[in-house]
Amino acid sequence: MELDLAGAELKAVLNRLRRAQGQISGVIRMIEEGRDCEDVVTQLAAASRALDRAGFAIIATGLQQCLTDIESGRKGGEDPEQMRARLEKLFLSLA
C-alpha cells in the first residue's frame, strides 16, 4: 500500500509531525533543565497526541486509497480481505 498524501492532507500531516518534533525537543530540554515532573509529562502528552493525530490522518488516507483501489479493481495483488486486515493492524498499532 503506497501512501499518496497531497495538498492539504500533506500539509496537515507535516504540520502535526513538526509540532510533535518541537514538543519532543521541548521535553528533552525540560528534562535537561530539571523542570517539574508535571510540566514534563504535560508536554510529553501533547507530543504523543500530535503523533497520534498524524498517524490517524495517514491511516485515514490509506483507507480512502484502498477503497478507491477496490472500487476501481486495482488491488495490487491483494484481495479486499487482505487489505482490510493490513489496515486494521495499522490502525490498532496506534491504539
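Here are some friendly notes on this structure, which is a predicted model.

1. **Overall fold.** The chain holds three helices and zero strands. Read from start to end, the pattern is α-α-α. As for packing across the sequence, take the contacts between residues at least 6 apart: 67% of them join residues at least 24 apart.

2. **Burial and surface.** The chain has 95 residues, and 22% of them count as buried. Its exposed area is about 6700 Å², with carbon and sulfur atoms supplying 56% of that figure.

3. **Helix 1, geometry.** Helix 1 covers residues 7-32, which is 26 residues. At 1.5 Å a residue it should span 38 Å, and the end C-alpha atoms are indeed 38 Å apart, so expectation and model agree. Beyond this helix comes Gly-34, which has a positive phi near 75 degrees.

4. **Helix 1, buried side.** The buried residues in helix 1 include Val-13, Ala-20, Gln-23, Gly-26, Val-27 and Met-30. When you look at the spacing of such positions, it helps to recall that an α-helix has 3.6 residues a turn, so residues three or four places apart point the same way.

5. **Gln-23, worth a look.** Gln-23 sits in helix 1. Is Gln-23 buried or exposed? Its relative accessible area is 14%, and because the cut-off for buried is under 20%, Gln-23 counts as buried. Setting aside neighbours within four places in sequence, Gln-23 is in contact with Gln-43, Ala-46, Ala-47 and Ala-50. For orientation, helix 2 runs over residues 37-72.

6. **A nonpolar patch.** Leu-10, Leu-14, Leu-17, Ile-24, Ile-28 and Leu-51 together make a nonpolar surface patch of about 440 Å². Which helix gives the largest share of this patch? That is helix 1, with five residues. Leu-51, for its part, lies in helix 2. With a relative accessibility of 38%, Leu-51 counts as partly exposed, because that label covers values between 20% and 50%.

7. **Salt bridge.** How many salt bridges are there? The count comes to one. The partners are the side chains of Glu-33 and Arg-35, at 3.9 Å from N to O. If you check this pair yourself, note that the cut-off is 4 Å. Arg-35 has a relative accessibility of 42%, so this residue counts as partly exposed.

Conventions. Residues numbered from 1 in each chain as written. Predicted model: local features only at pLDDT ≥ 70, side-chain atom pairs only at ≥ 80, totals over all residues. Heavy atoms only, no water. Helix = DSSP H or I, 4+ residues; strand = E, 2+ residues; numbered from the N terminus. Buried < 20%, exposed > 50% of the residue type's maximum accessible area, 1.4 Å probe, protein only. Contact = heavy atoms within 4.5 Å. Areas by Shrake-Rupley, 256 points an atom, 1.4 Å probe, with all protein chains shown as cover. Expected span 1.5 Å × (residues − 1). Patch = residues over 30% accessible without salt bridge, like charges linked within 9 Å, V, L, I, M, F, W, Y side chains within 5 Å.
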